[in-house]
Each structure stands twice: as structure tokens, then as C-alpha cells.
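Hi,

Here is the structure I promised to send over. Have a look at it first, and then read on for what turned up when I went through it.

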Amino acid sequence: MLEELKERVYEANMDLPRHGLVVFTWGNASELDRERGLFAIKPSGVSYDALRPGDMVVCDLDGRVVEGALGPSSDTPTHAWLYRAWGDRVGGIVHTHSAAAVAWAQAGRDVPAYGTTHADYFYGPVPCMRGLTRGEVEGAYELNTGKVICEGFEERGIDPAAVPAALVRSHGPFAWGSDAAEAVYHAVVVEQVAEMARDTEALSPHAGPAPQYLLDKHYLRKHGPDAYYGQHMA
Ligand SMILES: O=C(CO)[C@@H](O)[C@@H](O)COP(=O)(O)O
């Protein structure tokens, strides 16, 4: 079972450079095994060319390594915190430094819902979390990154299942999903909508978000109780 988990997490990590979301070692993906209370994650700082399924590191929800010869991703405490907080809804997490999403994070701005591409996946803006304080950075930095994301969603009343991504100010995007593969998918979508939103503002600085009724329609026809997008076989 853990071998299958490692294989899936390996494939998710390898999908990050395939989709152009990371260069060098700038990202990581993980997946939760809810029954065991464990997750597998990429080892830290290992080149994607050299990565093998058996290199994936298995950790508990405190971020302690329970299996693996290599050190886990430096962002392991962030993943662990998010699984502890949201593990009932989130089964896979991805962090990247994809360029357009990072640009919004560095600007300290939410990615506005400018159109239906965005609304097909996110029920509202992709929120930019506050930057970490000096104390949070000099303390348990990566754990505090997870806390800042959770606090931001709580303060704004956002359900992480309805908005499966966030930006952390001055840092970059985190995305999640039901498993690692879906988290990668959402990381790709965040980058795409970040690019589109940036271009929208370049063309029309005062475009403003699309009408709420249109955003609602697109989100709900895919994710609402009466969703009809795609194949719905009886
Ligand atoms: O944010 C950073 C680096 O600043 C990390 O997320 C990124 O390099 C990936 O690190 P890991 O190789 O997963 O430890």
C-alpha cells in the first residue's frame, strides 16, 4: 500500500516539471493516506531527473519521518499542518514557484475572478494570505506557513474545498485536491488563471471581476448540488 502511495506521489511530483510549474527543485507534492494518518512527500532538494518512486518519504501528521532514506521536503511541516486541519477534505497538496502565481503573491494580491475559466474551479478569488511576521519566520517557519493559510481561510470564511488554492504573500502558491493528482491539476489551473488575470489587467486595468451570476453559474454547473457539466450517467 505504501509503495502505491509513493508511486502516485512520485508521478505527481514528476508532473510539476512536465506542466512547466517548476524548474530545478522548486516544488513538491504529497498525498495523504487517511486510514494510516500518514502522507508521502518528495525528498528535499533532489533533482527531478534523479528522483525515483522509492525516494518518496513517508511522514506522520506531525511531519516526522516514518519511512524513507532521504530527508523530506523542507515544506513538510506546511503539508502536515494542512492535513491536520483539513484532512477530511484535502487528500493531496502541491507547492510550486510557478511564475505568474508568484507574481501575484509578491504583489500581495488575490487573483480576482475575472472570468469563467477562473470560476470553473474557484468559488471566488484565489486568496493571498498575509505575509509571515519576523517571529513566524524565525520560529517554526514552514509550520507557521500552514497556520497562516488555515487562519486566512477561517477569517475569510472560505471552504478549502471550494477554493482549492492560496497564495502566501512574498512566497508563492499552494494548491490541493482530493489526491496528489488533483492537487497538481489545481496548481496548473492557478498558474493559468494567474496569467490570464495579469494579462486582463494589462489590457484593461479597470476590467473588474465578471458578474457574480456568471461566476456562480460556471462554478455551480461543475461543483454544485445539481452539477451537470461533463458526463452524468444514470
Ligand atoms: O520555497 C522553497 C524554496 O525557497 C521550496 O518550496 C522549494 O525549493 C522546494 O523545496 P524542497 O525541495 O521540497 O525542500
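To get you oriented: in which loop does S170 lie? The answer is the one between β7 (165-168) and β8 (172-177). Keep in mind that this is a predicted model.

I picked S170 because of its backbone, given that most residues other than glycine have a negative phi. S170 goes the other way, with a positive phi near 65°. It counts as partly exposed, having 14 C-beta neighbours inside 10 Å.

F24 is another non-glycine residue with a positive phi, about 50° in this case. You'll find F24 in the loop between α1 and β1. Is F24 buried or exposed? It is exposed, because there are 10 other C-beta atoms within 10 Å, and the cut-off for exposed is 12 or fewer.

Now to helix α1 itself, which covers residues 2-18. Its 17 residues should span 24 Å at 1.5 Å a residue, and the end C-alpha atoms are indeed 24 Å apart, so the two agree. The buried residues of this helix are L5, K6, V9, Y10, A12, N13, D15 and L16. If the spacing in that list catches your eye, remember that an α-helix has 3.6 residues a turn, so residues three or four places apart point the same way. What do the buried residues of α1 pack against? Their partners are three strands, β1 (27-33), β2 (38-41) and β5 (92-96), plus the helix α7 (180-203). After α1 comes G20, with a positive phi near 75°.

Next, a helix pair. Helix α2 (residues 76-86) packs with helix α6 (residues 141-156) at an angle of about 35°, and their axes are 7 Å apart. The crossing of α2 past α6 is right-handed. On the α2 side, the contact uses P77, T78, W81, L82 and A85, while α6 brings E142, L143, T145, G146, K147, I149 and C150. Sorted by class, that contact has 7 nonpolar, 3 polar and 2 charged residues.

Last, the ligand, which may be the part you want to open up on screen. Which residues are around it? They are T25, W26, G27, N28, K42, S44, G45, S73, S74, D75 and H95. This shell divides into 8 polar, 2 charged and 1 nonpolar.

That's what I have for now. Shout if you'd like to go through any of it together.

Cheers

Notes. Residues are numbered from 1 along each chain as its sequence is written. This is a predicted model: local features need pLDDT of at least 70, side-chain atom pairs count only at pLDDT 80 or more; totals for chains, interfaces and linings use all residues. A residue is near a molecule or strand if its C-beta atom, placed from the backbone, lies within 6 Å of it. Ala, Val, Leu, Ile, Met, Phe, Trp, Tyr, Cys and Pro count as nonpolar, Asp, Glu, Lys and Arg as charged, and the others, Gly among them, as polar. Axes are lines fitted to C-alpha atoms, for helices over the stretch in contact, and angles run from 0 to 180 degrees between N-to-C directions. Helices (H or I, at least four residues) and strands (E, at least two) are DSSP runs, numbered from the N terminus. A crossing is left-handed if the near helix is turned anticlockwise from the far one by less than a right angle, and right-handed if clockwise. Two residues are in contact if their C-beta atoms, placed from the backbone, lie within 7 Å. The expected span of a helix is 1.5 Å times one less than its number of residues. A residue is buried if 20 or more other C-beta atoms lie within 10 Å of its own, exposed if 12 or fewer, and partly exposed in between; C-beta atoms are placed from the backbone.
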